[in-house]
Structures are given as C-alpha cells and as structure tokens.
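Colleague: Could you take me on a close look at one part of this model, the place where two helices pack against each other? I'd like to see what surrounds that spot as well.

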Amino acid sequence: MFSSLTRRTQLNSQRFSRLFSTQHDERLTRLRQVMTELPKPLDAFVVPSEDAHQSEYTADCDNRRSWISGFTGSAGCAVITSSEAALFTDGRYFLQASQELGPKWKLMKQGIQNVPTWQEYLGSLPTNSNIGIDPSLITAADAKQLKQNLATRGSHLVSISNLVDMVRDDRPSRPSNPVKIHHEKYAGQDHQSKINQLRIALDVRKCQGTVISSLDEIAWLLNLRGSDIHCCPVFFAYCIVTQQETMLYIMNKGRDNLSKNVVEHLNKAGVQLCDYDDVFEDLKETTGQFMIDSNTTSYSILQALGSDRVCDASSWVSDAKAVKNEAELAGIREAHKRDAAAVCRHFAWLTNTLTQGTTIREAEAAIHLEEMRKQDPFYVGLAFDTISGTGPNGAIIHYQPSTINSAIIDPKQVYLCDSGAQYLDGTTDITRTFLFDGQPTDFQKRAFTRVLQAHISIDQAVFPKETTGYQIDSWARQPLWQDGLDYRHGTGHGVGAYLNVHEGPHGIGSRPIYKTKPLKPGMVVTNEPGYYEDGQFGIRIENVLIVQPKAVPYPSETPFYGFEHVTFVPMGRRLLDQTLLTRENREWFNKYHKECRDVLEPLLKGDSATLQWVEQQTETI
C-alpha cells in the first residue's frame with residue numbers, strides 16, 4: 001500500500017513541479033526585462049528574504065524571494081543577472097531548496113568550501129556593474145560593507161524601488177489585524193517605565209532619539225501583541241522615541257486595528273499615532289543624533305536620517321528584551337508545563353493509533369497536535385508551522401508537510417516532530433524523535449544516542465560570566481564529532497516571551513553576532529542538536545533552557561552560570577543505545593524523566609492512556 005500510494009504522490013508532485021517551474025521561469029523573464037528598461041539598466045538585482053523590518057518570517061505581501069524563486073524556506077537570498085539566477089541559503093535548507101528550485105536556478109550552498117557568499121558573488125561580476133537592491137530590505141551595516149566591496153571593482157550598489165513588486169500582479173495588501181494589550185501581569189513591567197529606561201540609554205549615548213523598526217522590539221516596548229505575520233504575535237509599525245516624544249507609525253494611524261482600550265493604553269505613555277508610510281519623511285525632519293543598530297536597521301532608515309546623524313550601537317530594546325524578568329520567566333515555566341501535557345497527549349495518541357495499524361498522514365498528526373494545544377485557555381496560536389516528518393522527510397531540517405497528500409507516517413521509520421505554540425504567558429519550542437514500532441538499525445541508535453549526549457552536554461554546561469553561545473556550540477558537537485557526524489544548523493536560538501520563537505540577539509552557534517552577546521541570567525535559549533541522513537531519516541532533540549546563576553564548589557569574584565530546562569516531555573527509548581551511555585549520562589536521563597513524571601502526572605489526572613504512555617517512556621534505564 002505504501003509503495004503504490006507513494007508512486008502516485010510522486011507523479012502528482014512531478015506534474016505540479018513542472019507547472020511551478022514554468023511559472024517561475026516566466027517571472028524571471030519579466031524581471032530581467034524590467035532590469036534592462038530602467039533609465040540606468042541593472043546588471044544584477046538582489047532579492048533578500050527579509051521585509052523592511054528585517055523579519056525572519058514575512059507576510060505574504062513581502063515574500064518576494066519565495067515568489068520569484070519558488071524556494072519557500074525562511075532564510076536565503078536570490079541574485080538575478082541577465083544570464084543567471086542564484087539562490088544562496090544555509091545548511092538547514094540544502095535539501096529543501098534542491099527540491100523546490102527549478103532548472104533555471106543555481107543553488108549556492110553557503111558554508112560549503114569554495115561556494116561564495118552572495119556578497120562575494122556580486123563582487124565577482126564584471127567591473128563597473130550596477131547592482132540593484134531595495135534599500136529597505138538590507139541592513140545599514142550590510143549595505144555599507146557591500147558598497148565598499150563593490151567599489152574596489154568599480155561597481156555600484158543602486159538603491160531602487162523593489163522590482164519584484166513591479167512585476168508582481170498578485171501581491172496581497174499589507175495586513176492590519178487587531179492589536180491587543182499584553183497585560184503587565186505577563187509582561188512584568190509597564191510600557192511607560194520601558195520607554196523611560198530607553199530614554200536613559202539615549203541620554204548616556206548623548207542621543208536625541210532612536211527609531212525602532214524590528215516588529216518584536218516595538219511589541220515588547222509598548223506591551224502590545226498582534227498577528228500580522230503568520231505565527232508571530234507582531235504588527236506592522238515603526239516607532240520613534242525621542243527625549244520628548246514617542247511616535248508609533250502604524251497602518252492608517254491605527255484606525256483599522258487599534259481598539260479604544262489600546263489607544264487609551266498608548267495614551268497613558270504619551271504615544272502619538274502616525275501613519276505607517278510617513279516614517280521616512282518624518283525622519284528627515286528630525287534633528288540631533290539618533291541611535292540605531294546598523295545590524296538590524298534598514299539602509300533606507302540610514303538614508304532618511306543621514307549617516308552624519310547616526311550613533312551606531314547595539315539595540316537597547318533587543319538587549320533588554322532578551323533578559324526576561326521574573327514575571328516573564330514564571331509565565332514561560334508554566335506555559336511549558338501545560339504545553340508538555342498537550343504534547344504528551346498527542347504522542348500517546350499517535351503511538352497507540354499507529355501501532356494498531358491505523359493510517360495517519362504527517363499533516364494529520366500536525367493537526368492533532370495543534371488540537372491538543374488549543375484546549376489550553378491561554379493558547380493563542382502556533383509558534384511556527386509544525387515540522388512533522390517521517391523517514392526521509394525528517395532529514396529536511398525545516399520540512400513542512402503538505403496539507404494535500406502528505407506522506408503516511410510509517411511506524412517502522414524514524415519520525416521527527418518539531419513544534420511550538422504561542423500562549424499568553426509564553427512561547428514554546430520542542431522537538432522529539434521517535435520510532436513507534438520495529439527495530440532501529442545500529443547506526444540509527446548510535447546517531448540518536450550521540451545527539452542525546454550532545455543535548456546533555458549543553459544542559460549540564462557550567463560557564464563563567466561573559467561566555468557566549470558561540471564559545472559553547474562546539475561542546476554540543478563533541479559527541480557527534482567522535483563518530484565523524486555533525487549537523488548543519490546552530491545548537492540553539494533565543495525564544496521570546498509570547499513573542500517570536502526565534503529571538504536574538506543571543507544564541508548557541510557560529511553566527512558572528514553570537515560572539516558579541518554573552519549569555520546572561522534570564523536569557524531563554526533552545527538546546528537542539530541533531531543529525532540528518534539525507535534520504536533516510538532525521539534526528540533532533542530540543543528543549544528550552546533558561547540561563548541561571550550556578551553554584552560552584554570554589555566560588556570566586558567571577559559568577560558562574562548554567563541552565564534550567566523547562567521542557568518536560570519524554571525523549572524516547574527505542575532508539576537509545578545504552579552501551580554508549582556513561583554513568584553520568586544515565587543519571588541525567590533518569591533524573592530528567594523523573595522530573596517529567598513529577599510535572600506531568602498532576603496535569604494528566606483522569607487521562608489514563610496518556611499517563612500509561614508517560615510511565616512507559618520514563619521507566620528507569
């Protein structure tokens with residue numbers, strides 16, 4: 001049954017891919033025609049993934065790179081010349097991009113030896129080339145560096161209105177959904193005091209004001225939440241804060257999406273409402289020095305201010321938001337406990353249903369998991385689209401099952417599920433990898449156990465103050481490196497408090513910014529090492545951690561920190577190779593699963609099927 005159904009699905013997919021490829025070929029042709037018809041013709045046009053707020057995930061009206069290329073991953077950059085179309089992306093998306101891109105696109109695998117970055121690629125174009133880009137979609141820092149690099153070859157970076165928007169007939173309007181108050185009992189601090197602290201930071205820098213363009217920073221500062229971007233509780237806006245005024249630039253001055261209560265909430269902090277499209281002209285009329293973070297603020301904002309009026313500094317809002325207060329941490333802990341109960345109800349159902357021989361598709365499993373979470377009265381929505389991958393689909397790091405004819409979950413193949421939810425009191429993110437039936441191969445067991453050991457390495461880490469996530473990333477990889485294995489993504493990312501599931505500026509990985517952001521108490525970060533055998537299976541184990549002070553046997557003037565895990569879902573046993581475990585590994589594994597039982601049993605009273613599953617999964621090894 002599996003083989004015949006898979007064959008029909010493959011044939012349907014091939015027909016769709018041919019149609020899809022033709023559609024994107026036509027879009028390329030139209031874009032190239034516009035490039036040549038400009039008063040100053042372009043030799044190349046750059047299409048980044050981000051929107052004008054440097055958002056990782058974008059609204060449909062801003063999904064330009066996806067629209068022109070067909071690649072739907074959240075990270076990547078497209079460069080179109082008269083003769084070539086190149087898509088640059090990182091290791092999380094190599095497999096996905098290879099499947100989604102048409103034959104006229106060239107996949108550039110970032111991080112692979114001798115593969116240039118998109119900036120290096122532009123530098124390799126003929127001298128005196130004109131490179132076009134929408135200045136609102138590139139950061140001020142990246143634009144400055146790119147201009148300098150191109151100048152050495154006599155080439156030019158040309159700021160221009162977005163050409164993709166010019167050739168796109170079906171571009172949706174920008175969302176303007178209702179904005180809601182994020183109450184102080186969850187936020188832990190009122191918005192007026194946050195604005196006051198920001199003004200103190202401006203005063204220290206001797207700056208007159210700042211412009212905030214990151215949507216999650218605006219939501220945090222003003223204690224508001226929205227839903228303009230799928231799975232992200234943010235709304236489209238800019239915010240200018242000076243020593244005298246606070247101005248929120250929002251669609252139609254908020255007439256469509258701000259209730260009377262929200263307007264009153266803003267009035268309490270003296271926030272003025274302005275039109276979203278007026279921000280750039282108004283910036284030109286401001287005076288004095290403005291503090292901006294050139295690594296997160298668009299080049300168009302720098303152009304509006306003028307480079308001589310910019311004080312470049314790390315975003316105070318981003319840094320303050322990253323360190324959660326006690327109310328936020330309390331909410332995060334409680335949200336993860338309730339979320340764990342929902343996830344366990346799902347996995348207990350999925351295990352029992354599959355082992356009884358019932359057919360379940362990947363998308364059906366994702367929908368069931370969402371239904372379990374929806375039973376929570378604090379539930380708002382998903383934190384991201386659920387990754388539900390059976391067998392080879394689990395090896396696609398950010399795989400998303402199709403709602404039509406997604407693969408049937410084979411209980412005898414490794415299954416990976418990465419999911420999360422937005423609750424009023426916190427954001428969750430968890431990955432578990434299970435084999436529901438049959439016997440795993442020796443290699444699958446070894447890979448799973450090495451990933452578990454990598455996970456334990458970070459969970460038990462102890463480090464001095466000023467240690468960064470960049471420094472400890474290799475600690476997680478050591479158990480995998482022993483076997484010549486690795487994974488093509490970071491070990492962990494920051495998580496918001498009922499905000500974006502991917503939150504900076506800190507994280508655990510090799511990104512350059514992680515070198516500059518030490519881990520501090522109150523920061524929240526994921527721990528998610530993995531291993532992916534392309535075409536066969538994927539393994540990832542993910543918990544959410546809180547950075548905490550750590551007592552050490554020989555205290556000194558230097559504080560030491562460690563982690564508190566707040567995710568409590570069993571990790572699976574069928575894939576475990578106990579011969580590889582050290583005594584310390586066993587102790588951690590058993591202690592963690594006792595914690596799971598202690599958290600889950602009170603929340604699952606009366607649910608005998610789920611309790612039985614939890615008991616089986618948490619037996620001592």
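Modeller: Happy to! Helix α14, residues 326–355, packs against helix α19, residues 608–617, in this predicted model. Their axes are 9 Å apart and meet at an angle of about 90 degrees. Angles of 65 to 115 degrees count as roughly perpendicular, so α14 is roughly perpendicular to α19. On the α14 side, the contact is made by Cys344, Arg345, Phe347, Ala348 and Thr351. From α19 come Ala609, Thr610, Trp613 and Val614. Sorted by class, the contact between α14 and α19 has six nonpolar residues, two polar ones and one charged one.

Now let's follow α14 to its other surroundings. Helix α14 also lies across strands β18 and β19, and runs at about 130 degrees to β18. Those two strands belong to an open sheet of three strands, in the order β15-β18-β19, with antiparallel pairing. Strands β15 (379–382) and β19 (426–427) stand at the edges with a single partner strand each, so one side of each has no neighbour in the sheet.

Strand β18 covers residues 421–423, and three bridges join β18 to β15 in an antiparallel arrangement. If you want a pair to find on screen, try tyrosine 379, whose bridge partner in β18 is tyrosine 423.

Another helix belongs in this picture. Helix α15, residues 362–374, lies across β15 and β18. The angle between α15 and β15 is about 165 degrees.

As for annotation, the unreviewed UniProt entry lists residues 559–621 as "domain: Peptidase M24 C-terminal". In the model, this span is 49% helix and 10% strand. The C-alpha atoms at the two ends of residues 559–621 lie 35 Å apart.

One last stop, if you'd like to look elsewhere in the chain, is serine 55. You'll find serine 55 in the loop between β1 (44–48) and α2 (64–69). Its relative accessibility is 11%, and buried means under 20%, so serine 55 counts as buried. Leaving aside neighbours within four places in sequence, serine 55 has contacts with Glu50, Leu215 and Ile229. Serine 55 and asparagine 543 are 488 residues apart in sequence, and their C-alpha atoms are 24 Å apart in space.

Conventions. Residues are numbered from 1 along each chain as its sequence is written. This is a predicted model: local features need pLDDT of at least 70, side-chain atom pairs count only at pLDDT 80 or more; totals for chains, interfaces and linings use all residues. Side-chain values use heavy atoms; hydrogens and water are left out. UniProt positions are given in the numbering used here, feature names are shortened, and annotations may be inferred rather than shown by experiment. Helices (H or I, at least four residues) and strands (E, at least two) are DSSP runs, numbered from the N terminus. Two strands pair if DSSP finds at least two bridges between them. Contact means heavy atoms within 4.5 Å. Axes are lines fitted to C-alpha atoms, for helices over the stretch in contact, and angles run from 0 to 180 degrees between N-to-C directions. Angles under 35 degrees count as roughly parallel, over 145 as roughly antiparallel, 65 to 115 as roughly perpendicular and the rest as oblique. Ala, Val, Leu, Ile, Met, Phe, Trp, Tyr, Cys and Pro count as nonpolar, Asp, Glu, Lys and Arg as charged, and the others, Gly among them, as polar. Buried means under 20% relative accessible area, exposed over 50%, partly exposed in between (1.4 Å probe, protein chains only).
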